[in-house]
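Trainee: I have a structure open and a few questions about it. Can we go through them one at a time?

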Amino acid sequence: MTKAFPKKENLPFKVLGLVAFTAASILLYFVNPMKGLSWVLIYLFQAFLSFLLPYFAIFHKSISSEKEVIPFTGANELRLSVLRHAICQIFLFLLYCLLGLFSHTVLGEKSGILSLSLILFFTCIIHFFDEEMFVFNKELKPTGAEKFLIRYDLYLYAFLIPVTIQILLFSIYEVFPFGDQAYLRMDCYHQYAPFLKEFYLRMHKGSGLFFAWENGLGVNYWAHYAYYLSSPLNLIVLLLPGRFLLEGIAAGIILKSALASVSFLYYLNAKRKERNVVRLAFAVFYGLSAYMLAYSCNIMWPETYILFPLIMLGVERIAKGEGSKLYGVMLFLSTVANFYITIIAGIAIVLYFIVNLIIHLKEGNTFLKIGKFIWTTFVVVLCAGVILLPVYLCLKATPAGAFEFPKKAEFYFDFHELFGRMLVNVNTIQNNSDLPNLYGSVLALLLLFLYFANKKIPLVSKITKGILLLFLLFSFQVNVLDYVWHGFHFPNSFPARESFFFIFLLISMGAECYEYREEIGKIDIVVIGSVMIAGCGALWFFLSKDDLVNGVTTYLCSALLILLYGAMLYLSHFTGKRILKVLILAVALIECLSNTLAVGINSTVNRDDYMKDGKIKEKTIAYLDEQNAGENAGFYRVEEYNRKFMNEAAWSGYKGASYFSSTISGGVKDFYENMGLRHSDVAYSFQGSSPFLTSFFGVKYILSGKEESPGETFRGFEMNDGEETLYVYENLYPLSVGFAIPNGVDGRMESGEKRPFRNENEFASLLLEDPHALMFKKLPPYGTEEGEYSFGNKKSVKGTGTVYQVPAGKHAFFYVLNYVDSIRVIVQDENRKTIDSEKETDLKFRHIIDAGVYDEDRFLVFVCEDDPDEELSFQSYCFQEDTYIALMNKLSADQLEVEEYSSSALKGKINCSRDETLLFSIPYDAGFTMFVDGIEAEPEAFADAFLSVPLTAGEHRVEIKYVPPGFQQGLLLSVAGFVLAAGSFLLSEMYRRKSRNKTAAKNK
């Protein structure tokens, strides 16, 4: 027990600490005012001082015997003091973040001094309270809560260390609030952030989860939600103001790394009960592995990674003949949170169960264990039926729904490259390579090789797990296995998504070897360590001998770490174990810090640019809603010319015609492709649309950040909020969401790829019932020439130019037949003087180029930027406004008047002048139920893409309702699964109680 410490004695230490902290903080502020690393340095400095000074006072030797403070003598007291300080720092850091948000969003650029003053003030208050309540308390006898913290302190560190490392990483890259950057990569930039914003808006508006009008003309939102958003951790964004959604994503990434670390520590502790601080190193390595660093921006994937150690622990328990509750509960949570990676994990689970079944073959009844595993898995699948069945039915209708098994086996890369992917500071890969992300840690890699030399580990474990590791290595390299692992599809970017299983095996086997380190031979450490160091040198020579920087940071650092770890393992045979544990843990944390800072973030985006025009768009949509409130119940669609990302409608909350998602409709994608709009296997976009298709999709307004020339059929106006200007172009001939067309049009369409203008002409002539009507007329090329074409300020491109002369007032469209990605469109006047230019990108997605309308004759020169010497070939046409207007007048005569609509239903009336087909610009989906005049009608799929129904002449009331296909059946499966799970639990408890009673009776 610690005696009271006099207040007057500890005052100098408080004053000294606060003066030093204040001086250092002000100095750091003037070096780099409240930005980036200075934030963290200020925080770390105060944390160091606030920990050091009070405890220096407690251990002070010069205090008289009457006022002596009994120093901490036991490990528990020291652990408690460190824990208490760590908890204090959590609260203080949260305060730092809040002050950062406050200074950036409320105070603006002149916020530095005030923010610093607030930080200093609150730091003093918190540490004064901390010292009065804990450090200089009357006695330091642990309370119940403190005993709990002492018992589970390693879990707290497993959580805090990844958090600290990632925060340091974010501060270096000046991620908000440490700067003006946002951590968004690839799919997180284009998909997850917009989808989370849409989810936020839907939840705050009280919209349902069945259907969404915002995305791609209308989509199955339940399947979309289940695929991208069903993780409970995504609910974090609902607790934050909408303008801080990007920070919610960043906080979620940090949180998931920490939870993965805690989960793996639990896995290790459950296997061996005695305390071992080195397990903390393995846990942190798992939480910050290459898989997490590479794929954390795919915010739906880490959930399974977090739960995976607990699932595998459950598998091991079943294989030992124990209960299956842990396995069942964790597998269910993983399936609900992220069914896609759980499918990949399912293959890993089966393989791991077989391995453990062989290892524990003599423990319990093998057939009973297999039955328990199969039954528990079956019940989990039933319980998740409300997620799995609707998503399965949705994915069957996507472009990726078909299976195309590889015809022959192929190898992706040389086998030795895999070893290089396991070393420290190796760049993570998200795209343009099949190489996997395999780094777990150099310590675990060394121990993995020593695993097979460890005398304590059974031979059967070495053989079965060794075979499993080899199988995984071949899976990364062979296309057939790669195809199977990814759910019978090849991955679109993000290679080797099953690598989390390899990392789990690497670190868990390394940790198991360390637990029995006394059984590792000294000669084995020397030989294996030497071979690994030589291997690093060989890889440096073969893979990057001309890259000194990469060689030093990767191969030399890995070799030095192998040498350090090997030396400490070797010395453990001769010296005390405690100091070596501390040293190994320290080096391991340095390794983890080094790797995370080196490769943890490949790129960031400017936060202001990403959030740009948010306020003006919000104001514009509100204005448009007000203008359209009395027409068609306010149902209208909006699109954009120069979007930041394809899911802009989800981000901004309007009803759009573009969608980038793995759950897209295959029929709609094919329609977009045939009509020359941008498309891929996971997306379709408004980009490339003509005025005809714009009206067909019911798009009434097109937004742009700059002035455009969309043609005479649009009326433009500006929206301004004092900071930004948004140009709004109103379509003068928009169609309703439903309109009548002649019967039989679908059966006479002969659309095909690479002929978009012919397809639109054919479609328009069928709708007009005039075989000679043309929506587009050919524009012949002016010629091809070699030259140097200038554009912009002192910029030019030299190469082969394809030239077209566009008459004044004509709306020209072009479709590139070459497979290129980027071209330069140079606009010249009648004297061939350059007056403007624009770069067209993403042409690999095969879309029409809208060249706009010019008041005077113009020459357009097209040069390939990928290869300026390549001669470009085009389909070139001019839009015929007279044909278009005639068609719009015809179709608008018989169109649906929307009377009411909700998130999953729509009602309206239409007066048909004859027997016709009511065509909706809504993707066809088996989940729609249609009623015509109160009687259920069978909906049809127009062009395998859009919802339609035949109608007779006269007035009709039409209603459509939507329930996701398979939702009701899946809900029944889930209910049945929970009933079976409850029954299984009760039966197992009854059996266990009966067994205990029998055992107790025998003992008596």
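Trainee: Which helix is Val-527 found in?

Mentor: Val-527 is in helix α22. Keep in mind that this is a predicted model.

Trainee: Is Val-527 buried, partly exposed or exposed?

Mentor: Val-527 has a relative accessible area of 43%, so it counts as partly exposed, the class between 20% and 50%.

Trainee: Which residues make the nonpolar surface patch?

Mentor: The patch is made by Ile-523, Val-526, Val-527, Val-531, Tyr-570, Leu-571 and Phe-574. Its area is about 650 Å².

Trainee: Which elements give two or more residues to that patch?

Mentor: Those are α22, residues 522-544, and α23, residues 548-571. The most comes from α22, with 4 residues.

Trainee: Changing topic. How many salt bridges does the structure hold?

Mentor: There are 29 salt bridges. Side chains of opposite charge can pair when their charged atoms come close.

Trainee: Let's take Glu-316. Which side chain does Glu-316 meet in a salt bridge?

Mentor: Glu-316 meets Lys-271, at 2.9 Å from N to O. The pair links distant parts of the chain, 45 residues apart: Glu-316 is in helix α12 (residues 302-319) and Lys-271 is in helix α9 (residues 245-271).

Trainee: And is Glu-316 buried or exposed?

Mentor: Glu-316 is buried, because its relative accessible area is 2% and the limit for buried is under 20%. Its partner Lys-271 is partly exposed, at 38%.

Trainee: What does Glu-515 pair with?

Mentor: Glu-515 forms a salt bridge with Arg-279, at 2.6 Å from N to O. Here the two residues are 236 apart along the chain, with Glu-515 in helix α21 (residues 499-515) and Arg-279 in helix α10 (residues 279-287).

Trainee: How accessible are Glu-515 and Arg-279?

Mentor: Glu-515 counts as buried at 12% relative accessibility, and Arg-279 counts as buried at 1%.

Trainee: Which residues are linked with Arg-279 and Glu-515 in a network of salt bridges?

Mentor: Arg-272 and Glu-274 are linked with them in that network.

Trainee: You mentioned α9 and α21. At what angle do α9 and α21 pack?

Mentor: The angle is about 40°, and the axes are 11 Å apart. That makes α9 oblique to α21, because the angle is neither under 35 degrees, which would be roughly parallel, nor in the 65 to 115 range for roughly perpendicular. The crossing of α9 past α21 is right-handed.

Trainee: One more pair. Where are Lys-706 and Glu-838?

Mentor: Lys-706 is in the loop between β9 (699-704) and β10 (714-720), while Glu-838 is in strand β18 (residues 834-840). They form a salt bridge, with the closest N and O atoms 3.7 Å apart. Lys-706 is partly exposed at 37%, and Glu-838 is partly exposed at 39%.

Trainee: Last topic, backbone angles. What is phi of Asn-425 near?

Mentor: It is near 65°, a positive value in a residue other than glycine. Most residues other than glycine have a negative phi. Asn-425 is in the loop between α17 (417-420) and α18 (442-451), and it is buried, with a relative accessible area of 7%.

Trainee: What about phi of Ala-633?

Mentor: Ala-633 has a positive phi of about 55°, although it is not a glycine. It lies in the loop between α26 (614-627) and β5 (637-640). At a relative accessible area of 31%, Ala-633 is partly exposed.

Notes: Residues numbered from 1 in each chain as written. Predicted model: local features only at pLDDT ≥ 70, side-chain atom pairs only at ≥ 80, totals over all residues. Heavy atoms only, no water. Patch = residues over 30% accessible without salt bridge, like charges linked within 9 Å, V, L, I, M, F, W, Y side chains within 5 Å. Areas by Shrake-Rupley, 256 points an atom, 1.4 Å probe, with all protein chains shown as cover. Salt bridge = Lys/Arg side-chain N within 4 Å of Asp/Glu carboxyl O. Buried < 20%, exposed > 50% of the residue type's maximum accessible area, 1.4 Å probe, protein only. Axes fitted to C-alpha atoms, helices over the stretch in contact; angles between N-to-C directions. Parallel < 35°, antiparallel > 145°, perpendicular 65-115°, else oblique. Left-handed = near helix turned anticlockwise from the far one by under 90°.
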